[in-house]
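Subject: Structure handover

Hello,

Please find the sequence and the structure below. My notes come after them.

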Amino acid sequence: MGFIDHISEVFSVTSTRKRKRKSMQTVEIKVKMDCDGCERRIRNAVSSIKGVKSVNINRKQSKVTVSGYVEPNKVLNKVKSTGKKAEIWPYIQYNLAYYPYAPGAYDKRAPSGYVRNVAQAFPSPNAPAETYTSIFSDENVNACSIM
């Protein structure tokens, strides 16, 4: 058996190309839809992508949610190929933003309960976080003096 093992090592087929497996993702896209035909056209286009598990369309919010083993850019390009103007969903829920009325965060066109996802709506990671104990401390000269 030594000879057969040696031959199998010499002539073994090894694949140098490793395929990276895509992870399960949920991609949300903002698309302006006017009628049932627009909705059907987008649903058919997105459903034809390999790896798509589910497609949910909310015409009232102009939102398309795609779940599956897909890449966000491929889904966005497929929706744009239908002739509709599309972008990655730019909004977050109102209660998830620290400063929902920060400049640029409040958008009149946003669906109810949503604000724009901008950097100003979240505290800076480099800024020192003031704790509530230091705000109401006796050592702080600028402290609140409610008593």
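What follows is a short account of what was found.

Please keep in mind that this is a predicted model.

Overall layout

The protein chain has 147 residues, of which 30% count as buried. The chain holds 4 helices and 6 strands, and from the N terminus on its elements run α-β-α-β-β-α-β-β-β-α. Among contacts in the protein chain with a separation of 6 or more, 53% are between residues 24 or more positions apart.

The sheet

Four of the strands are best described together. They form an open sheet of 4 strands in the order β2-β3-β1-β4, with antiparallel pairing. The edges are taken by β2 and β4, each with a single partner strand, so one side of each has no neighbour in the sheet. From one strand to the next, the twist averages 25 degrees.

Two helices pack on this sheet. Helix α2 (residues 36-47) touches β1, β2 and β3, and its direction makes about 165 degrees with that of β2. Helix α3 (residues 72-80) touches β1, β3 and β4, and its direction makes about 30 degrees with that of β1.

The pairings, strand by strand, are as follows.

- Strand β1 (residues 25-31) is joined to β3 by 6 bridges, and the two run antiparallel. The bridge partner of Thr-26 in β3 is Ser-67, while Val-27 stands opposite Val-66 in β3.
- β1 is also joined to strand β4 (residues 86-88), by 3 bridges and again antiparallel. Here Ile-29 stands opposite Ile-88 in β4.
- Strand β2 (residues 52-58) is joined to β3 by 6 bridges, and these two run antiparallel. In this pair, Asn-56 stands opposite Thr-65 in β3.

Strand β3

Why is strand β3 described as largely enclosed by the rest of the structure? Strand β3 covers residues 63-68, and 6 of the 6 residues are buried, so the rest of the structure largely encloses it. In a regular strand, side chains alternate between the two faces of the sheet. In β3 both faces are covered: Lys-63, Thr-65 and Ser-67 are buried on one side, and Val-64, Val-66 and Gly-68 are buried on the other.

Lys-63 belongs to strand β3. Its relative accessible area is 10%, and because buried means under 20%, Lys-63 counts as buried. Which residues is Lys-63 in contact with, leaving aside its neighbours within four places in sequence? They are Glu-28, Ile-29, Met-33, Asn-56, Ile-57, Asn-58, Trp-89 and Tyr-114. Two residues in that list were named above: Ile-29, which stands opposite Ile-88 in β4, and Asn-56, which stands opposite Thr-65 in β3.

The hairpin and Ser-62

β2 and β3 form a hairpin with 4 residues between them. Ser-62 is found in the loop between these two strands. Ser-62 has a positive phi of about 60 degrees although it is not a glycine. Is Ser-62 buried or exposed? At 12% relative accessibility, Ser-62 counts as buried.

The largest pocket

The largest pocket has a volume of about 320 Å³. It is lined by 16 residues, and the closest to its centre are Lys-30, Gln-61, Ser-62, Tyr-91 and Arg-109. Ser-62, with its positive phi, is thus also one of the residues closest to the centre of the largest pocket. By class, the lining has 6 nonpolar, 3 polar and 7 charged residues. β1 and β4 each supply at least two residues of this lining.

Arg-40 on helix α2

One residue of helix α2 can be set beside the buried ones. Arg-40 lies in helix α2 and counts as exposed, at 55% relative accessibility. Arg-40 and Ile-57 are 17 residues apart in sequence, and their C-alpha atoms are 9.5 Å apart in space. Ile-57 is also one of the residues in contact with Lys-63.

For a first look, I would take the sheet order β2-β3-β1-β4, then strand β3 with its 6 buried residues, and then Ser-62 in the loop between β2 and β3.

Regards

Key: Residues numbered from 1 in each chain as written. Predicted model: local features only at pLDDT ≥ 70, side-chain atom pairs only at ≥ 80, totals over all residues. Heavy atoms only, no water. Buried < 20%, exposed > 50% of the residue type's maximum accessible area, 1.4 Å probe, protein only. Pairing = 2+ DSSP bridges. Contact = heavy atoms within 4.5 Å. Axes fitted to C-alpha atoms, helices over the stretch in contact; angles between N-to-C directions. 1 Å grid on protein atoms, 1.4 Å probe; cavity = no way out; pocket = protein on both sides within 12 Å on 5 of 7 lines; lining within 4 Å. Points joined across faces, edges and corners; volume = space filled by probe spheres on them. Nonpolar A, V, L, I, M, F, W, Y, C, P; charged D, E, K, R; others polar.
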